[in-house]
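I opened this notebook to keep track of what I looked up, going from chain to chain and then to single residues. The entries follow the order in which I checked things.

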Amino acid sequence: MRMLALLLAAMLAAPSAAQDAMPPAPFAYRQLDDPEQEAAAQELMETLRCLKCQSQSIADSDASMAGDMRHQVRIRIAAGEDPDEIRQWLMSRYGDYVSYEPVMSTTTWPLFAIPVLLVLIAGLLFRRRFTRRP
Amino acid sequence: MIAEIGLAALWLAAALAVLQMVGGVLALRGGTESEIAGLTRPAAILQGGLVAVSFAMLLWVFAITDLSVKLVAMNSHTLKPLIFKLSGAWGNHEGSMLLWVTVMALAGALIAGIERRLPERTMQATLAAQGFVALGFYAFLLLSSNPFERLSQPAVEGLGLNPLLQDIGLALHPPTLYFGYVGLSVAFSFAVGALVTRQVTPDFARAMRPWILGAWVFLTLGITAGSYWAYYELGWGGYWFWDPVENASLMPWLAATALLHSASVLASRDALRVWTIMLGVVAFSMSMLGTFLVRSGILTSVHAFAVDPERGTFILFLLALYIGGALLLFALRAGSITEGERFSLASREAALVVNNVMLSAILAVVLLGTLYPLLTEAFDVRVSVGPPYFNPVGAVFLFPMLVVMAVGPLLRWRQDNWGRISKEIALVAALLLAALILCAVLFGAALLPLLGLSFAVALAVASLLPLRGRSLRRVPVATWGMVIAHFGLAVALFGMASESAFSKERLAALEEGGTTTVGPWAVQLDAVEPIAGPNWTALAGQLNIAYKGEEPIQIAPQSRNFWAPPQQTTESVLVTRWNGQLYAVMGSDSTDGRWQVRLWWKPFVTFIWYGGILVALGGLLALIGRVRGDLRRRTIRRKLALRRMDEEAIA
Amino acid sequence: MSWRMWLPFLVFFGFLGLAAYQLSQPKDDFIKSTMVGKELPYFTLPPASLDRPGVDSRYFYDGGPKLLNIWASWCLPCIAEAAQLEQLKETGVEIVGVAIRDKPADVMHFLTEHGNPYTRIGRDDLSEVQLGLGSSGVPETFVIDGNGVITYQHIGDIRPEHVPVLLEELRKAER
């Protein structure tokens, strides 16, 4: 299905999607020297949503804005910021939308309540099914 | 003229669908011996032929590039190679819907022609349901997406010469998924038929099973191929993104998997009647839902189809009619259908029940995560649900299911005792624990990949245990199918866990002659050369790569710039070894004379797709085994009937 | 007949309602900034053109409401909104520009071609200010009151019908 989708995305590549001529941000395509920091940055980038491309994380997009966001993430991690702080910083600007990792809040609680409910229902089903002797 | 023949055939087919539906309903009312009831089956068969003619006409106008047909003018071009002219016939909304009804009508013709096991009343109800479903799609085609529409002025040249879209994968992928969806629609018709006549019997499950298996094989192949395509085409090494469009193809697969297992309980043991019916309805509704989500563009996705609210409305209307109707029928009827045979906790049925509940729970989680952003948007709040949600929440249900999946096939039907298979259970548990501890000590990876690796090892061994102590030649084909499919799942799980735990990434800015490493590979950028294609220019990086002291190989990933439409793509190069893949991407240039090169070493990543292929192969074997069994049973039945007739004659 | 058998039907009905409602809604892909109502983040940008100074966030604390326009010379809708920005400028609105990922030569070229409504233009090469404001594309226009607080966000190009809306928002920001 993704193929079909991309096919159309390719067809619809409208001129309004003009690109800038600037080189990518310094840390858009450059890893941090400290492998531990880079791993933390990578993990965070995979859970942040590219705002231009909408259905990709910033870790797998070539959009220049995604590159600028990767740059932000890497330099902040290098400066010793905590990944969660960086996520919070972005979420205070773009809301829940920018993070693929929903946090429990007034708008997202059903995402967590329903799976718990499912566990309970599954448990009940098994109990009912197997405690009654045939 | 050709287009008009196609359109006329389509209208006639629609009329026959009405006849099929009315005939089936009247047969239910007035008894199966009435004249009109005799027309139901021929109507279905003739309809299959007519739609096939209609589709052949569409292929024809595409083959000769008849530019007076709007669809051809919009989507084809005289200079395209023939194979892509033909595949262009279904590479658009109208043509793909025609392909859908074609497959559906042929499936309808097939069941009308050969299915004789079920009581005639159930059969009539099934065909009526099938006609009803088909009629909706005919209406959709004829009223709002006519593929044979003419232009008042023939176009001078077609608009569809985009070499980006001339890809054999793109040509084959959609039909694969459609075959799957249509197979599920047949299962749906059977479920509705059985519900109407309250004949939820093992025979019903046996009649339905080949269609589920076939659909499941196609869906498995479709998802596997789609995932590999995304992996090599997108240029970032990801193979699954939990994108709404991907989820739309995964959900029918999950439902079909559950349905497959519950139908096999019903076929063998006459249990889980209501549950099987429910899953039959759910599986088809997931296909319809997926089509709706993708085509209506209701979920924000850059991957949205050529979106059209009118089409969305139409599909939603069909969805409401079919699924709403079926669920209403379910609510009214299901209470009067008894659950069937009982079984104890230690039995294969019980294991399959657990499997079913867990699969349904995973389906519910995927559905919830996919639709949740839609729900909050109604309140003007936008949220994103992605891998950090789906992976752990899905895992909560997946891993318990895998435990049961390892043990279940070893259990006997109805009632068994744990003592009988205690050795096997101990073996699997010991393997699981050993693998878990070993992986944790050796690699110390994150929890999910760790669980994935150890469960994959234990499940791979456990899936082979049903063959233990049996003569391999005597094992039924269907059992081989199960063993291979379960083993394939373990293989795929191993690939996923390994990719997640051991992948190495290297983003390097290299001068010509510069070197870097990724995992066990040493990489040197020898040169960067410009290349010109028919409508693109590219930078090709000549990379010299060597695996741990082996002979170096030359590869040349490209970064391509297309002129019309202006677009940049990456042509990544994959180097496959038995133990993994090197993934090389050439980035666009950087200013200071150094070139961006993206490299990944992904150990055992190929196992994901090998596993997918094994699963599909398992499904295919099961299908062959079941159909052969059905045919054998049919001949036996016929011989018995003959002998009875002989005996009666003698008497 | 058990009520439980009705559950799937009810759940499905709920979905239908939601889907029908969403289909009837006009689809916008805007990601709204959650910075509206909050103070501007601190920033300093060097000038993006030769004839206008750069931008400093302290500049927005002088008591008068202003428009902050996020744009770029490479963005086509920005050409479409140039006339409306000119019109806003003529009614006495002060417009501060932030050029995203842009080269001074391109900026100069754009301004000579399509007019220059800006009093200051900052150069945001790494989209830092854009990210700081919660803006997700070009062009976007923010209304900033005289105390450096963001009071309104307009996403996309400014069409003629949006001009009165922006003027009203600026008037509200004055109080």
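**Entry 1: what a contact is.** Before listing any neighbours I wrote down the rule that two residues are in contact if their C-beta atoms, placed from the backbone, lie within 7 Å. I also noted that this is a predicted model.

**Entry 2: C:L126 and its partners.** I began with C:L126, and I found this residue in the loop between β5 (118-124) and α4 (128-133) of chain C. Leaving aside residues up to four places away in sequence, I listed A:A25, A:D68 and A:H71 as what C:L126 touches. Is C:L126 buried or exposed? I counted 22 C-beta neighbours inside 10 Å, and because 20 or more make a residue buried, C:L126 counts as buried. I also looked up C:I100, which is 26 residues away from C:L126 in sequence, while their C-alpha atoms are 7.6 Å apart in space.

**Entry 3: where chain C meets chain A.** I then turned to the whole boundary, where 19 residues of chain C are in contact with 21 residues of chain A. On the side of chain C that touches chain A, I sorted the residues by class and noted nine nonpolar, six polar and four charged ones.

**Entry 4: chain A.** How many helices and strands does chain A have? I noted five helices and zero strands, and reading along the sequence I wrote the pattern as α-α-α-α-α. Of the 134 residues in chain A, 43% count as buried. Among the contacts of chain A with a separation of 6 or more, I found that 52% join residues 24 or more positions apart. The domain assignment splits chain A into domain 1 (24-101) and domain 2 (104-134), and I noted that the C-alpha centres of these two domains of chain A lie 35 Å apart.

For residues 109-126 of chain A I consulted the UniProt record, an unreviewed entry, which carries the annotation "transmembrane region" for them. In the model I saw that this span of chain A is 100% helix and 0% strand, with its end C-alpha atoms 26 Å apart.

**Entry 5: chain B as a whole.** I noted 17 helices and 10 strands in chain B. Taken along the principal axes, its C-alpha atoms fill a box of roughly 95 × 80 × 55 Å. I wanted to know how the radius of gyration of chain B fits a compact globule. With 651 residues such a globule would have a radius of gyration near 26 Å, and chain B has 27 Å, which agrees. I added that 53% of the 651 residues in chain B are buried, and that residues 24 or more positions apart account for 74% of the contacts in chain B with a separation of 6 or more.

**Entry 6: two domains of chain B.** The domain assignment gives chain B a domain 1 written in two pieces (440-503 + 606-651) and a domain 2 (504-603). Their C-alpha centres lie 40 Å apart, and I found five residues of domain 1 of chain B in contact with eight residues of domain 2 of chain B. The residues on the domain 1 side of that boundary in chain B divide into one nonpolar, three polar and one charged.

**Entry 7: the nonpolar cores.** Which residues touch the most other members of the largest nonpolar core? In this core of 225 residues I noted B:V101, B:A187, B:I212, B:A255, B:A256 and B:V281. Helix α8 (residues 202-234) of chain B gives the most to this core, with 18 residues. I followed B:A255 further and, not counting residues up to four places away in sequence, found that B:A255 touches B:L279, B:V282, B:A283, B:M286 and B:L363. Apart from this core I found another, of 37 residues, including C:L40 and C:L67.

**Entry 8: backbone details.** I checked two residues of chain B that have positive phi without being glycine: B:D380, near 65°, and B:F604, near 60°. B:D380 lies in the loop between α12 (348-377) and α13 (387-407) of chain B, and B:D380 is exposed because 7 other C-beta atoms lie within 10 Å. B:F604 lies in the loop between β10 (595-603) and α17 (607-650) of chain B, and with 23 C-beta neighbours inside 10 Å, B:F604 counts as buried. Lastly, I noted that the peptide bond from C:V138 to C:P139 is cis, with omega near -10°, and that C:P139 sits in the loop between α4 and β6 (140-144) of chain C.

How values were computed
Residues are numbered from 1 along each chain as its sequence is written. Chains are lettered from A and ligands numbered from 1 in the order in which they are written. This is a predicted model: local features need pLDDT of at least 70, side-chain atom pairs count only at pLDDT 80 or more; totals for chains, interfaces and linings use all residues. Domain bounds come from an automatic or database domain assignment. Ala, Val, Leu, Ile, Met, Phe, Trp, Tyr, Cys and Pro count as nonpolar, Asp, Glu, Lys and Arg as charged, and the others, Gly among them, as polar. Helices (H or I, at least four residues) and strands (E, at least two) are DSSP runs, numbered from the N terminus. The radius of gyration is taken over C-alpha atoms; the globule rule is 2.2 Å times the number of residues to the power 0.38. A residue is buried if 20 or more other C-beta atoms lie within 10 Å of its own, exposed if 12 or fewer, and partly exposed in between; C-beta atoms are placed from the backbone. UniProt positions are given in the numbering used here, feature names are shortened, and annotations may be inferred rather than shown by experiment. A nonpolar core is a set of buried Ala, Val, Leu, Ile, Met, Phe, Trp, Tyr and Cys residues joined through C-beta atoms within 7 Å.
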